[in-house]
Structure formats: C-alpha cells, structure tokens
Amino acid sequence: MKLKAPVILYFALLMNSAFASTLKHNIDEARTISDYQKRYDYLKSIDKKLIESASLAEQVSFNVRLIHVHIHLGQFQQAQTIIDELEASPKYKSDSPIYSELYLAKARLAYRESDLESAINLSQQNVALFQRLQLIDYEIDAVASLVSAYHNAGEYQAALNLLEVYIHDKNRELTLKQKEMLYHGYSRNLEQLDRFTLALEYKLKRREVIQLMSPSISLQAGISYSIAQSYLDLEQYKKAKSEFITALSFDRQTGSLSDIGHSLVKLSQCEYGLNNYSAALAYAQEAQQVFASYNSTRNTAWANHNIAINLLEIDKTTQALTIEKQVITVLKQDDHLYIDVLLTLAKLYIGSAELKQAKHYAEQAYQLSNKKNKLQKQIIALEHLITVAEKQADFQQALSYQRAITELEKGFARNNYNQRLAELQNSIAMRDRDLAIQDLKIQDSEKSQAIASQRQTILYSILLFSLLLAVMGIALLRVRQRKQLVEQRRNYLDKQISQRSKLLSQVAHELSGPLTGLRLHLETLQAGLTQFNELTYEKLNQKITDMATLVTDLNKISLLEQSSFQLNVATINAAEYFQSLHADMLIQLDKFEVIFTQNIADELSLECDATRLSQLFANLISNSLKYTNHPGKINLTISQNQTQLLICYEDSAPGVSDESLAKIFDHLYRVPDLKTVKQSGSGIGLAIVKQIVEAHNWRITAAHSEQGGVRYDLTIPI
C-alpha cells in the first residue's frame, strides 16, 4: 500500500525536527565541557549531515560555539574566518534576531584581539539593535561586553554611566545572572577610579545574588577573591586575608593553577600589610613555583616582585635588588605591576644610598602613575622623591614634592567627598521618592475606602433604577439594531440586484456575439449560400466553444461569490511553494524570458488555500500568454518585511491605458482595441483573481510595468 503525499511529508518533517533537536542537544552538551580544546574536538566530531539538516538558528548557534572556542584558544584568525563565512551567506541579514549570538561574538573577538575601538563600536551597535528588537537578554550581554571594552580602554566613567542606567532602573526586571554581571562590571570600574568603599558595597551585593543562583565553585572562588581585593585596597588586611583563604580553598578544588597562584600572591600581600614578612615570603615563593610550573612569565615575575619586597623588609636588600632588576625587564607591557617594581627599586636604591638611581626610578614611577591616573602610586613616588631630596639636602625641592602630595590628597579627598555626597543625595532622593509613593498609595487606599463606604450607602437606592434603565436600554438597543440590520439588508440587496443586473446585461452582451454569429452561419446554410464542410464545422464549433468557455467562467465567479463558499486554508512553506511555482512557469512560459527573485526566510509559513492560490497565478500566467507579444518577458519578485509578504508579477508590452487599469478586475471587462498574439479571453480571469484575493482578505493592485505591460502587486499579511 502506497503512502499518500501528505503522510510522507509529515514523516519527513518529523525526521527533520528530530535531527534538529539532536543538534541542539549536542550544542548544550558542548557548553558543559570546561576544557576548550576538548570542547572543540567534540564540536568537530558532530556529523555534518546532522548540522546541514538543522534549522538556520541552530546552525548559527553551532558556528558561534566554534567561534568562542577559537577565541578562548587564541585562534583569532580561525574565528574570523567563520564570521566571514556566516556573513557571506545568502541567508545573512544584518539585523536578524537569528544572528544575535554572532553579533556578540564579533564584539568579543575584537575585545580579545585588543582592538578596543572596534569592540566598543560593535558593542554599542549591539546594544542599540537589541533594544530595537526588544531582546532583553541579548541587550544585557551586549552591555556587559561594552562595559568590559570601556574598562580595558580606560573609559571607566563611561562604563559607570552606562551601568547606572540599568542598575538603578526600578522598572527594568533583571534576572539574577544579569544582576550579577552588572554588579561585577560596576564594582570593577569603581575600583579603577579609587572608589573602593562603593566598589566593595556592590561586590557584597553581587555575592548575595550569587548565593541565590546555586553557584559553581569557580564562581564562589571569584567573588571571594574580588571582595578580598577590595578589603586589601582599603587596607583592611585581616578581612582581606580571611576572604583570600576562602578563595584559595575553592581554587584548590577547581585545580586552576592560575587562580591558585593569584590567591597565594594576594595572601602574601595581606601578610605584608600585617608586617608578617616571613609568612608573606612563604606565600610568594609558593606562588612563584605554581606560576613557573605552567610557564606563565608575567605571573612568575609578579610573584618574584612580591618575594623581593619581603626580602627588602627582612634586610636582604641585595637579593631583593637582584630579583627586581630581573623582573623589570619582563614587565614593560604591564603598567600596573611595572609601576610597583619601579617604586620598589627606588626604595631599594634609597636604602643603598644610590640616590641618583633611586630618583630615576621614582620619577619614572611618578610619570607613569600620573599618566594612568593612579593617585596612590603618585603619592608613594613623591614620598620617595622627598626622601631622596632630603638626603641630598635639597629641602626646597623636598618642600615642592610635599606640596604636590598635599594637592593630590586634597583633590582625592574632594573628589571622594563629592562622589560620596552625590551618591548619598541620589540614595536619599530615591528613598524620598519611594516614601512619597507609599504615602500616595496610603492616601489612595484611604480615599478608596471612603468612596466604597459612600457607595454602599447609596447602592441599594439606585439599584432598582439602574435595572430599569438597563432594561430600557436593552430594548432600545435591540430596536436600533433591528433597524440597522434591516437597512443593511436593504442596501445589500440593492447592491446585489444592481450587480446582478449589470452582470446579466454584460452576459447578454457577451453571449449575443457568438449567438449572432452562430445564427448567421445557420441561416446561410439554410439558404444554401454556403456549403457544410470542414471549415464551416470548425467555425460553428468555435462559436459554441466560446459560449461554453464564457458559461464555465461565469460559473466559477458564481461559486466564489456564494455566501456558502469556504476556503480550504492550510499552512504551507512559502519558500518551497514559490520555488515550485517558478518551475511550473518555466514550463508554461517556455517562449518567455522568466526572471524570478526570492528574498524570504526559509522557515516563513503562509496560511492560505493553496489550490486557490495556484488558480490565481494560473490566471495571471494565462493573461500574459494571451495578451503579451511573443517572445515576452515575465518578472516575479517575492520579498517580505516584518508584517507582510510582497509579491510582484509583471509582464512586457503591450500595456493598457489608465482608464483600463481602473477596470481591469471588473467582470467581463476586456481592454478595448488590444492587439494580441492569440485569441482574446472572456474578461473573467482577472475577476476570478480579485475574488480569490478578497476571499483571503488580501490586497491586489494593478499598475503600469516598467517592462511595458501590466504590474500586479499582491500584499499578504504574515
């Protein structure tokens, strides 16, 4: 027993859906693999047929996963190649939600390549696009990317201004993950502006959010490390030490050597702040061994610097100086640590009485920290320069340095005061607003209760009157509705009678032609003026055929106009339908040049009566065959916007007049004096087209074609 076509199509779609869902499952599995090389191997092992059979959205998601893996592995060129291939695809659209992940990946790649200008521009475009498309989750991701780019570009205030819009917007509903990301970016940029107290406040808020998220060990380690760093910046060394110990315990569970080394260095700095130099030295030496085990040059130098500053404190100056001279050759690309090493070298040379060298390193540290707006480092550098000047008995210069320190501290205190004052004023304003809102709500509640009480006292007195009015109103409404219905029926019948009268007149006129010709032929045969032969038979048969064709077309219109007529509406794939239509046109219009253009989504669905839609295009094609000079030219263009499917069908010369365009869809209307390459029709075909369009609640218009013929524009809501 053979399966019917719809059954076969159903199973084909079912199988395709199963493959697509399997690819999505594989993508989700890949995300759980923390080792990026293993994740890459897993993604590359997925069957290509499985990828090709998936939806466009899942194919894009798969490729974006590959891009992220290449970025994490430092394979930037491979990532860029995949991006270029996706953007070169015929299906690519620069503002399609399907490609949202790709837009984020492009900004991420620019960020990792240190092309911060491109990263900022791309992220700004992404934020604007996702706002317009109302893709909230992607919008927050784009904001996080933009904040990171601002941070690395040193535009800390720009990052804070952006984040404040989202953090303080009470009307915006954020998920826990989104709050966590925004708080993280906010605290990082506050730190860079030396606003350590407020940074710590938002880090603690971030930890509260994280604890509600069933966090991973690595995330718990990260937040403990971050909070500890704030305590360290505020010189609260005991609290910092406790948090770093917690972070280190998490790091040892994850096994991340980089994180273990970082926590060890920070513990060394805490012990240093607590004057426990031996313990600090031990932590730094352990960190140096961890970093060296996986050949991290920069981090090894960082650990060695911390070894050196502790050796300096326990009077092992020579060893400390030797280490710092080695460290400084490695760190010229790391401004933050480079400044610390310069300051340590200045201190070491002050201790060894090599004042010229000490001054040289202190001045370098001051200039670089001034350039990077590192206020605390500037002050330390100036303190070293004061010590050098005093040892050289240049007290005037020492006084100048001291004045510079005073100005810096005054500016720092002023900025901190203004910032904190603004924050407090903003907080007070927000609380005042909340209290005012609460007061208004209480007042509204009290008024509502008073109004409710008054209503209860008069409710029973007006209830009977209201019922009476309601009954009278319903009666009047029904009378009015009946009058309107009678009027509508009368108008409808008048219109139908008028249309039928006009149609009967047109039908009588159309039938009179072939009937008159048929009568004349019969009379000439009766009078013996002509002989009945094959030619006479063909002429009579043609006249009868013309009348039969006219009656058949009239019957089609009658069926479409019947009130009981119903469309057999079903959902079809628009792209597949028009590809099939194009193939049919090439067969029917073999002597015509057919140009077919389609720019719609592969997954676009269309609800219609497919049989009637095919009848519509068959009538347009038949019209072109009858009334277009051969060889002719046909253009069929299919496109879409956000709300409509747009179909443009146009043919070549000859065209029609403006007067004929206005009547072209009328029953039995034929363009007068139109020279055609075949016999003219009955004037029914385009009337049927109009009836099918109106039955679907679509819209069709006719206009002059640039090809010289007629252009038909069909608009279908989607």
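**Close-up 1. Glutamine 37 in helix 2.** Glutamine 37 belongs to helix 2, which runs over residues 36-44. This is a predicted model, so keep that in mind for every view here. With a relative accessible area of 35%, glutamine 37 counts as partly exposed, because that label covers values between the 20% and 50% cut-offs. Histidine 70 is worth showing in the same frame: glutamine 37 and histidine 70 are 33 residues apart in sequence, and their C-alpha atoms are 9.0 Å apart in space.

**Close-up 2. An edge-to-face pair of tyrosines, 272 and 277.** Searching the whole structure turns up 13 aromatic pairs. One of them joins tyrosine 272 and tyrosine 277, with ring centres 5.6 Å apart and 65° between the planes. That pair gets called edge-to-face because planes over 60 degrees apart fall in that class. Tyrosine 272 is partly exposed, at 26% relative accessible area.

**Close-up 3. A cluster of aromatic rings.** Here Tyr103, Phe130 and Tyr138 are linked into a cluster by ring pairs.

**Close-up 4. Lysines over rings.** In one spot, lysine 205 has its charged end sitting over the ring of tyrosine 202, 4.5 Å from the ring centre. In another, the ring is that of phenylalanine 665, and the charged end of lysine 690 sits over it, 5.4 Å from its centre.

**Close-up 5. The annotated coiled-coil region.** An unreviewed UniProt entry puts the label "coiled-coil region" on residues 358-392. In the model, residues 358-392 come out as 89% helix and 0% strand. The C-alpha atoms at the two ends of that stretch are 12 Å apart.

How values were computed
Residues numbered from 1 in each chain as written. Predicted model: local features only at pLDDT ≥ 70, side-chain atom pairs only at ≥ 80, totals over all residues. Heavy atoms only, no water. UniProt positions renumbered as here; feature names shortened; annotations may be inferred. Helix = DSSP H or I, 4+ residues; strand = E, 2+ residues; numbered from the N terminus. Phe/Tyr/Trp six-rings, centres within 6.5 Å; stacked < 30°, edge-to-face > 60°. Buried < 20%, exposed > 50% of the residue type's maximum accessible area, 1.4 Å probe, protein only. Lys NZ or Arg CZ within 6 Å of the ring centre and 35° of its normal.
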